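Notebook open, topic for today: salt bridges. I want to see who pairs with whom and how much of each partner is in the open.

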Amino acid sequence: MIDKQNRIKIAIQKSGRLTDLSLDLLQRCGLKYTRGKDQLIAFGENMPIDILLVRDDDIPALVRDDVCDLGIAGLNVVEEKRLRFLNSSTTGEPFEIVRQLDYGQCKLCFAYPEGGKLGSIEDLRGLRIATTYPWIVADFLRTRSIEAEVIEFSGAVEIAPGMGRAEAICDLVSTGTTLRANNLREGETLMKSQATLIRTPLEVPDEKADWMARLLQRIDGVMQVRESKYIMMHAPKSALAEIRKLLPGSEAPTILPLDSLDDKVAVHVVCRENVFWETLENLKAAGASSLLVMPVEKMLP
Ligand code: PRT
Ligand code: ZN
């Protein structure tokens, strides 16, 4: 067993949109932990991994400063902090992005007052843009050679135009309801974001590195499994080529003989994409029968 110093610390959001999904991901990776109410640390019981629960904005700095080895935050937060840190340091990249995870999807968009004159970023020259992501926005405007004033807000960005504090905003959008409720129209997308796993850029001791690699492999497995299905069917041998073409994201199928049936075989295959009713109907039309689709519980790539 490895000593306390060698335990992996992973920072996740304490209370917010990414909390339950991040804890769920770690649990699906096999981690069992104890967490007291309102406690900042949850200790892993069966793996040398402890979870630090903090505000999402603090996660990139905890990883940069090597307080935590890993962290999960939205790409929007990760990128904003990365640009900020790079500007104030000469030591290079503050952390490494190791995985884009499959939850927390949203986009960072410009938005303009409904019914106003502004319609695209080209109209923003010389105007004010309110945002909680000033470094990302400034960097984006620089690449487009648009000179505008970026005003940092700590929250409730969508009320800035109504208050006369800015002509446009740049904020996270998921369904767009908040924009519409504030009489704003969605404009260009600067970046698409989802939960992102980052790690310290420093080398870690071998034992820790082994556990990190195992955790990453399990995370990959969990993400693949969410979409994957195991399909079983009977098929005429003559239709096998056609049936293989119809199976979404599948590897080589297992073909098994069927008792007392010479012209038919059983086909078993893992599909790494969702299987829709249309796919099953097409397989049936190609000659398949006795179709069965099952969820996959675990997968090791
Ligand atoms: O307390 P702490 O600082 O940890 O939390 P927080 O309030 O800063 O973050 P939180 O929990 O709101 O979001 C955490 C992360 O979830 C963000 O950094 C994004 O990566 C991601 N995410 C995904 C979102 C959204 N979807 C989202 N819709 N973050 C914020 N929103 C906002 C959006 O800006 C709008 O104001 O939710 C509102 C509703 O969105 P609509 O478009 O559905 O109306
Ligand atoms: Zn935050």
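Before I start, the cut-off I need: a residue is partly exposed when its relative accessible area lies between 20% and 50%, buried under 20% and exposed over 50%. Also noting that this is a predicted model.

Entry one, E122 and R125. I looked up this pair and found a salt bridge, with the closest N and O atoms 2.5 Å apart. E122 has a relative accessible area of 43%, so it goes down as partly exposed. R125 comes out at 41%, which makes it partly exposed too.

Entry two, D50 and R7. Their salt bridge has its closest N and O atoms at 2.8 Å. I checked where the two sit: D50 is in strand β4 (residues 49–54), while R7 is in the segment before β1 (8–13), so this pair links distant parts of the chain, 43 residues apart. Buried or exposed, what is D50? Buried, because its relative accessibility is 5%. R7 is at 15%, so I count R7 as buried as well.

Entry three, K107 and E186. Here, too, I get a salt bridge, the closest N and O atoms being 2.8 Å apart. It joins distant parts of the chain, with K107 in strand β7 (residues 106–113) and E186 in strand β11 (residues 184–193), 79 residues apart. K107 is partly exposed at 25%, and E186 is partly exposed at 34%.

Entry four, the wider tally. How many salt bridges did I get by this rule? The count comes to 18. I also jotted down a network of salt bridges that links D24, R28, D102 and R226.

Key: Residues numbered from 1 in each chain as written. Chains lettered and ligands numbered in written order. Predicted model: local features only at pLDDT ≥ 70, side-chain atom pairs only at ≥ 80, totals over all residues. Heavy atoms only, no water. Salt bridge = Lys/Arg side-chain N within 4 Å of Asp/Glu carboxyl O. Helix = DSSP H or I, 4+ residues; strand = E, 2+ residues; numbered from the N terminus. Buried < 20%, exposed > 50% of the residue type's maximum accessible area, 1.4 Å probe, protein only.
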